[in-house]
Amino acid sequence: MTGPKPKPAGDAPHYLRIKEKIMGLIAEGKLKPGDRVFSESELVSSFGVSRMTANRALRELMFEGVLTRSAGLGTFVSSQRHDIDLLQIKNIAEEISSRGHRHTAKVLIADRIKADASVAQSLDLEPGIEVMHTLIVHLEDNQPIQVEERYVNPVVAPDYLTNDFNEITPNEYLTRVAPITEFEHFVEAMKPDAMVRKLLGMKPDQPCLRVFRRTWSGDAVVTCALLSYPGDKYRLEARSGKGRAKPLALLEGRQG
């Protein structure tokens, strides 16, 4: 690997110049997720700094989630991971937009079905009653990031299926017509079935995170949904109080 060419010293501390150089290479696409970055020795030689300074630059980038270290192999550019906040319900289109990216959706199923025992129990309805069912893939800059399978109580949201879910997400519509007063989340890491794996473009050995969500408006269950995410792109988040601005360095240092 050819070492980086240092910038003029200027007033910036040496460790910041190293960080800026690595961040610049990532922004330019010259370093991509999974690529090995410069070792401490390479940084010491190229920038004319101490090993302690080079180590600080790499440690701070790991703390910030930019890099990850694999024992015996080196330091690599992290895969971008997004947090699933279990204490809030967010509109996925707004989440993607907030990252400066474009949300699109593929609606695979939008129909009425007779609720089996598990769906009926989840919606607090009698088995056999007709409910609304959608299966949608959400994409971020044309990359699939979530498979959403949803069942909706027709008493609470009778016009659900009249929506164009390429223009409005189920979450946005349902929270508009039936404001959430209560919700629950259950999460499991699992091997996805063949359909979810194909829709998310996952490899056979990749795990996924699946979130079961149920929401109420007043006393009525509005909807229940199974939300599947690629396990290498998402992690769970739950903070009480103000929490921390960044994940713990220990967590970041053991990714990959």
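This is a short talk on one predicted chain, from its overall make-up to two helix contacts and a few single residues.

Let me start with the chain as a whole. The model is a prediction, so please keep that in mind throughout. The chain has 256 residues, and 40% of them count as buried. Its secondary structure comes to 8 helices and 10 strands. If you take the contacts between residues at least 6 apart in sequence, 62% of them join residues at least 24 apart. On the outside, the chain exposes about 14,100 Å². Carbon and sulfur atoms supply 51% of that area.

Now the helix packing. Helix H3, residues 51-63, comes up twice here, so I will take its two partners in turn.

The partner to begin with is H1, residues 14-27. The axes of H1 and H3 are 8 Å apart, and the two helices pack at an angle of about 50°. That angle makes H1 oblique to H3. The crossing of H1 past H3 is right-handed. Which residues make the contact? On the H1 side they are His-14, Tyr-15, Ile-18, Lys-19, Ile-22 and Met-23. On the H3 side they are Thr-53, Ala-54, Arg-56, Ala-57, Leu-58, Glu-60 and Leu-61. Sorted by class, this contact of H1 with H3 holds 8 nonpolar, 2 polar and 3 charged residues.

The other partner is H2, residues 40-47. Here the axes of H2 and H3 come within 9 Å, and they cross at roughly 120°. H2 and H3 are therefore oblique to each other. The handedness of the H2 and H3 crossing is right-handed. From H2, the residues involved are Glu-40, Ser-41, Leu-43 and Val-44. They meet Arg-51, Ala-54, Asn-55 and Leu-58 in H3. The contact of H2 with H3 divides into 4 nonpolar, 2 polar and 2 charged residues.

If you have the structure open, look at Ala-54 and Leu-58. Both are listed on the H3 side of the contact with H1, and both are listed again on the H3 side of the contact with H2.

Next, some single residues, beginning with Ile-96. It is found in helix H4, residues 92-98. Is Ile-96 buried or exposed? Its relative accessible area is 0%, so Ile-96 is buried. Setting aside neighbours within four places in sequence, Ile-96 is in contact with His-101, Arg-102, His-103, Leu-139, Glu-140 and Ile-145. Of these, take Glu-140: Ile-96 and Glu-140 are 44 residues apart in sequence, but their C-alpha atoms are 6.5 Å apart in space.

Val-211 is next, in strand E8, residues 208-217. With a relative accessibility of 1%, Val-211 counts as buried, because the cut-off for buried is under 20%. Val-211 and Val-187 are 24 residues apart in sequence, and 4.6 Å separates them from C-alpha to C-alpha.

Ala-220 sits in strand E9, residues 220-230. Its relative accessibility is 28%, so Ala-220 counts as partly exposed. Leaving out residues up to four places away in sequence, Ala-220 touches Val-156 and Thr-215. Ala-220 and Val-156 are 64 residues apart in sequence, and their C-alpha atoms are 7.4 Å apart.

Last, two backbone points, at Asp-124 and Asp-141.

Asp-124 is not a glycine, yet it has a positive phi of about 60°. Where is Asp-124 found? It lies in the loop between helix H5, 117-123, and strand E5, 130-140. At 60% relative accessibility, Asp-124 counts as exposed, since the limit for exposed is over 50%.

Asp-141 also has a positive phi, near 50°, and is a residue other than glycine. Asp-141 is placed in the loop between E5 and strand E6, 143-152. Its relative accessibility is 38%, so Asp-141 counts as partly exposed.

To recap on the helices: H1 is oblique to H3, and H2 and H3 are oblique to each other as well. For the single residues, Ile-96 is buried, Val-211 counts as buried, and Ala-220 counts as partly exposed. As for the two loop residues, Asp-124 counts as exposed, while Asp-141 counts as partly exposed. That is the end of the talk.

How values were computed. Residues are numbered from 1 along each chain as its sequence is written. This is a predicted model: local features need pLDDT of at least 70, side-chain atom pairs count only at pLDDT 80 or more; totals for chains, interfaces and linings use all residues. Side-chain values use heavy atoms; hydrogens and water are left out. Helices (H or I, at least four residues) and strands (E, at least two) are DSSP runs, numbered from the N terminus. Buried means under 20% relative accessible area, exposed over 50%, partly exposed in between (1.4 Å probe, protein chains only). Contact means heavy atoms within 4.5 Å. Accessible areas come from the Shrake-Rupley method with a 1.4 Å probe; for residues, only the protein chains shown count as cover. Axes are lines fitted to C-alpha atoms, for helices over the stretch in contact, and angles run from 0 to 180 degrees between N-to-C directions. Angles under 35 degrees count as roughly parallel, over 145 as roughly antiparallel, 65 to 115 as roughly perpendicular and the rest as oblique. A crossing is left-handed if the near helix is turned anticlockwise from the far one by less than a right angle, and right-handed if clockwise. Ala, Val, Leu, Ile, Met, Phe, Trp, Tyr, Cys and Pro count as nonpolar, Asp, Glu, Lys and Arg as charged, and the others, Gly among them, as polar.
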